[in-house]
Amino acid sequence: MVTSVPRLVIAAPSSGSGKTTVATGLMAAFASRGLAVSPHKVGPDYIDPGYHALATGRVGRNLDACLCGAELIAPLFGHGARGCDLAVVEGVMGLYDGAAGQGELASTAHVAKLLRAPVVLVVDASSQSRSVAALVHGFASWDPEVRVAGVILNKVGSERHEDMLRDALDASGVPVLGVLRRAPQVDTPSRHLGLVPVAERRSDAVEAVAAMASQVREGCDLDALFALARSAPALPGAAWDAAEAVRVSPPPPLPVPDTLGLRPQTPVRPGRPRPQTPDGPKVIALAGGAAFTFSYAEHTELLAAAGAEVVTFDPLRDEQLPEGTAGLVIGGGFPEVYAPELSANEPLRKAVAELALSGAPVAAECAGLLYLCRELDGQPMCGVLDATARMSERLTLGYRDAVAVSESVLAEAGARMRGHEFHRTVVEPGAGAAPAWGVRAPQKRVEGFVQQGVHASYLHTHWASEPGVARRFVERCLTS
């Protein structure tokens with residue numbers, strides 16, 4: 001089986017060059033031509049895929065070689081792009097920037113090589129003219145396995161400026177496939193963790209995406225870009241399939257050597273029995289809405305493949321959990337922005353606390369961790385965890401190699417997973433009596449909480465790398 005979807009990787013020399021504008025604009029412009037466009041984002045970013053989904057009408061998907069492993073990039077791409085006419089992959093940071101201290105791992109260049117995809121380099125030309133040729137030549141020649149096949153010049157000031165840039169690039173061998181003028185109307189607002197998610201500004205986001213599409217249509221050679229995408233060779237191997245991944249997922253890994261001086265622990269058992277629920281697929285409630293926008297599509301697909309019915313609810317609006325809820329997943333997002341509103345929804349906070357107290361499986365990542373605390377910035381939260389959370393000036397960011405310290409609804413004690421942290425908040429204490437994870441870098445520490453059926457942690461993980469996590473979670477919903 002092969003994947004032969006035409007594809008482009010949109011990269012840049014550095015962050016801030018305009019990758020999101022160009023990638024989202026291209027997605028929307030091609031979709032407006034009637035093409036089925038598959039949107040992808042390199043790395044763990046949750047926000048850009050929301051804009052991609054708005055541009056294409058399809059779920060935005062991440063391709064993270066660090067969280068998922070290089071071997072899963074092509075299969076996950078094939079899964080997301082199945083049946084599409086074109087795939088557009090937005091890169092992360094600069095083209096060759098990857099996981100800190102790990103070479104090319106998880107860089108845009110790494111993913112482009114794994115996908116055998118041509119790269120279009122978006123260059124912020126606002127403060128240069130002839131030097132653009134040296135920059136493009138350097139990026140195009142740095143790694144001969146990376147095919148930098150075109151340039152889109154962004155933030156060009158005038159026709160004269162454009163002429164100087166084109167003249168300089170004539171001898172580079174890399175064609176100019178687009179020129180975009182400075183256009184503040186396509187800018188999207190940012191705050192402490194990047195762009196404001198689509199869910200928080202939908203009408204404005206729709207207008208911004210339309211402006212991006214218009215700018216790209218006017219400034220880019222869409223026919224040449226589509227021809228370039230079609231030059232990508234077929235990818236061998238089968239597309240990823242959630243049902244198959246759950247079916248063949250290996251048994252829980254054996255405990256690893258204890259490098260943290262920790263003794264694996266077992267969680268505290270439920271304090272009272274849960275009420276009986278009817279037979280049939282178990283409902284797993286998934287937090288959504290403006291406060292909880294961070295979720296990988298594959299998580300929902302894996303849970304469904306493992307036999308659950310996944311129902312999304314909005315903690316800002318819904319006063320009760322979905323009927324028949326047997327498990328709860330609360331991903332990332334911005335509860336710190338909505339702390340007063342979340343706190344004001346007292347009926348739901350009580351429902352979440354009662355579910356957790358019953359021993360039902362609860363998986364909470366980052367924002368979910370904050371929501372389960374006693375309070376967040378002084379606002380009462382669910383009170384499931386004996387901890388408080390507050391905003392911080394310090395950004396915590398990076399991939400983490402983690403070891404499960406305690407047996408939980410997600411993993412056996414001693415199991416390894418790779419995660420990613422991205423937050424400007426602090427939880428005190430940072431770990432419970434039975435911690436969730438032990439991490440070795442940037443310093444050895446334990447973090448997170450395992451109690452009864454709750455697993456709460458700052459780490460974002462991608463379950464496609466360990467499908468057994470979803471199967472284990474659903475099984476606990478069936479038996480707890």
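In this predicted model, helix α1 (residues 19-32) packs against helix α2 (residues 48-56) at an angle of about 20 degrees, and their axes lie 8 Å apart. Angles under 35 degrees count as roughly parallel, so α1 and α2 are roughly parallel to each other. The crossing in which α1 passes α2 is right-handed.

Residues from both helices make the contact. On the α1 side they are T20, T24, M27, A28 and A31, and on the α2 side D48, Y51, H52, A55 and T56. Sorted by class, this contact of α1 with α2 has five nonpolar residues, four polar residues and one charged residue.

The structure also holds enclosed spaces. Three cavities of 30 Å³ or more turn up in a search of the whole structure. The largest cavity has a volume of about 120 Å³. Its lining consists of 14 residues, and those nearest the centre of the largest cavity are H299, V329, G331, E365 and W463.

Two strands, β14 (325-330) and β15 (362-365), each supply at least two residues of this lining. Strand β15 gives the largest share, three residues.

The table sets out the classes of residue in the helix contact and in the cavity lining.

| Site | Nonpolar | Polar | Charged |
|---|---|---|---|
| Contact of α1 with α2 | five residues | four residues | one residue |
| Lining of the largest cavity | ten residues | three residues | one residue |

Terms used:
Residues numbered from 1 in each chain as written. Predicted model: local features only at pLDDT ≥ 70, side-chain atom pairs only at ≥ 80, totals over all residues. Heavy atoms only, no water. Axes fitted to C-alpha atoms, helices over the stretch in contact; angles between N-to-C directions. Helix = DSSP H or I, 4+ residues; strand = E, 2+ residues; numbered from the N terminus. Parallel < 35°, antiparallel > 145°, perpendicular 65-115°, else oblique. Left-handed = near helix turned anticlockwise from the far one by under 90°. Contact = heavy atoms within 4.5 Å. Nonpolar A, V, L, I, M, F, W, Y, C, P; charged D, E, K, R; others polar. 1 Å grid on protein atoms, 1.4 Å probe; cavity = no way out; pocket = protein on both sides within 12 Å on 5 of 7 lines; lining within 4 Å. Points joined across faces, edges and corners; volume = space filled by probe spheres on them.
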